[in-house]
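I opened the notebook today to look up a few packing and pairing details in one structure. I wanted each point written down in a form I could check again at the bench.

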Amino acid sequence: MSKTSTLFIGLDGCTYTVLDHLVSDIPGTGVVMPFMKKLMDEGARAKLRSTPNPLTPPAWTSVQTGRGPGVHGVFDFIRSEDKGGEVYWTLYDSRDIDAETIWSLASRQGKTVAALNFPLTAPPPDGVNGCTVPGFIPAKHLRRNTHPRELFERMKQEIPGFDPKELAWDFEAEKQAMEALDEDDTEAWVRYHLPREEQWYKVADYVLRNEQPDLMAIMFDGVDKIQHQAWEFLDPALLPEEPTAWQARMRDVCVEYFRKLDGFIQSLVETAGPDVQVYFASDHGFTATTEVLRINTWLGEQGYLTWAKSDDSPQAMRREASDFANLDWDKTVAYCRTPSSNGIHIRVARNPGEAGIAPEEYERFRDKLIEDLKSIRNDDGEQVVTEVLKREEWFPGAHMDKAADLTLVLRDHGFVSIRNYSPVVVPRERPQGTHHPDGIFMAWGQGIKAAGMTPRRRIVDVPATLLYSMGLSVPEDVEGKVPKPFFDGAWLESHPVTIGAATLASSGQREIEEMDDNEKQQIIEQLQMLGYME
């Protein structure tokens, strides 16, 4: 019998809009996810509010640390720095997480852990008592970033059909999809996630059976990537009454993916054994976006930024080829760096001669910019920017200064565009999937009551709950709390929630071989395809 006490299954981008639909009896289809229906009927669940900007890297890092981005220091896929006339960037990795992770917390208290396919787990974090296989890295780096290293060799020899190229993101396929999203290519792109998800299931099954960690954690990310490209075939409100042949095939392949995922989940739960507690969480939810806000175009029209004039200089050519806005930095005081950030950076002149506004003008300037942003309307007269978040209010912590000065919440929760195109607001040709701040949080198993839907939780509650499930105390400085409505009274009485000592300060990670420029560009192209960058 497995000694695993806690099974955590991350479902990237999972939302009740789709999940409730797929566990219902759909006419002509039936119940697509019967095992998930059983768990939902017998367990407890809640909506899970994501980080202020509901994005994969900061949100999953909050799941791993129980801290907000202002504390753990991760805000986006890329870390960028404005140095006067240039914006420099690098990809975030595990060394950027400035807070202790649940993997470390559990390990140093004698528990064993397995963390599979989670973002920002490469290079392998120090002090892990167990194993990690990272997600979101090129295939050639998977072996050296697997911990322990010999685990990769064992999986290669002992897992039938083990293919690290399928485990990692297929950058060439994703690049092709970005360049040619016709009907056949879109269908093929969605379909290729089926064998990739099966590879991760096989790894999880192997680790669960052979390592039997106290905390077994696996993240399936195909949910997010399929919903980005095929939302209209999953949202029951958007399903066509009389689908074309291609629409019917797209619906079928989406249903096939979730049916297979349900089988993977059932197998893992049954392998973990009857005494396990099972938890599900997503980093954010999903919804439909119907329009595009070209935020840098608007900032240019309002005089906040100036586009650079093209020339043949090496500097201009680098800017033109970059994935950031090509701006005249001497005449720019506010701009957006990436679509995924939905954030506006205000340039403050800290030293004499620097471009930007004077420090003493910051508050007045920012208030005027917020007022202007809220005045943006679409062709129907609807307010496009519904909320503007100030960083000191929404990203408190030692890393607050790394956050965008202002984070925008759009009426349809879409990502902005940073390209210099007109008009400022334009309708999309068809609805596309985008992130919604409410994801899922569910529990089933020993001590969990059939509570159904309970009040909304925060994403930082997830690691507190997993620690509690393993019988560990919740550190006093972790922001999250254990959701007591998930548990029956007898369990809470015999397993009281305890608060323990604070987490340990993060330590510098050992050096490891960096990705080369070509590999970084492949990741950028992947982010472009999903709409996070342009």
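The entries below cover a helix and its surroundings, a sheet, and a pair of helices, all in a predicted model.

Entry 1, helix H2. I looked up which residues of H2, spanning 34-42, are buried, and found Phe35, Met36, Leu39 and Met40. These four lie on the same side of H2, because the arc they cover around the axis is only 135 degrees. I then checked what covers the buried residues of H2, and noted that the cover includes helices H1 (16-22) and H13 (245-272) together with strands S2 (44-49), S8 (277-281) and S15 (438-445).

Entry 2, the sheet. I traced an open sheet of four strands, which run in the order S10-S11-S13-S12 with antiparallel pairing. At its edges I found S10 (334-335) and S12 (385-390), each of which pairs on one side only. Following S12 inward, I recorded five bridges in the antiparallel sense between S12 and S13, residues 406-410, and I noted that Val388 stands opposite Leu408 in S13.

Entry 3, H11 against H13. I looked up how H11 (residues 193-210) packs with H13, and wrote down an angle of about 0 degrees and axes 10 Å apart. Since angles under 35 degrees count as roughly parallel, I entered H11 as roughly parallel to H13. On the H11 side the contact residues include Tyr201, Ala204 and Leu208, and on the H13 side they include Tyr257, Phe264 and Leu268. Sorting the residues of this contact by character, I noted nine nonpolar, three polar and six charged.

Note on methods:
Residues are numbered from 1 along each chain as its sequence is written. This is a predicted model: local features need pLDDT of at least 70, side-chain atom pairs count only at pLDDT 80 or more; totals for chains, interfaces and linings use all residues. Side-chain values use heavy atoms; hydrogens and water are left out. Buried means under 20% relative accessible area, exposed over 50%, partly exposed in between (1.4 Å probe, protein chains only). The arc is that of the directions from the helix axis to the C-beta atoms. Contact means heavy atoms within 4.5 Å. Two strands pair if DSSP finds at least two bridges between them. Axes are lines fitted to C-alpha atoms, for helices over the stretch in contact, and angles run from 0 to 180 degrees between N-to-C directions. Angles under 35 degrees count as roughly parallel, over 145 as roughly antiparallel, 65 to 115 as roughly perpendicular and the rest as oblique. Ala, Val, Leu, Ile, Met, Phe, Trp, Tyr, Cys and Pro count as nonpolar, Asp, Glu, Lys and Arg as charged, and the others, Gly among them, as polar.
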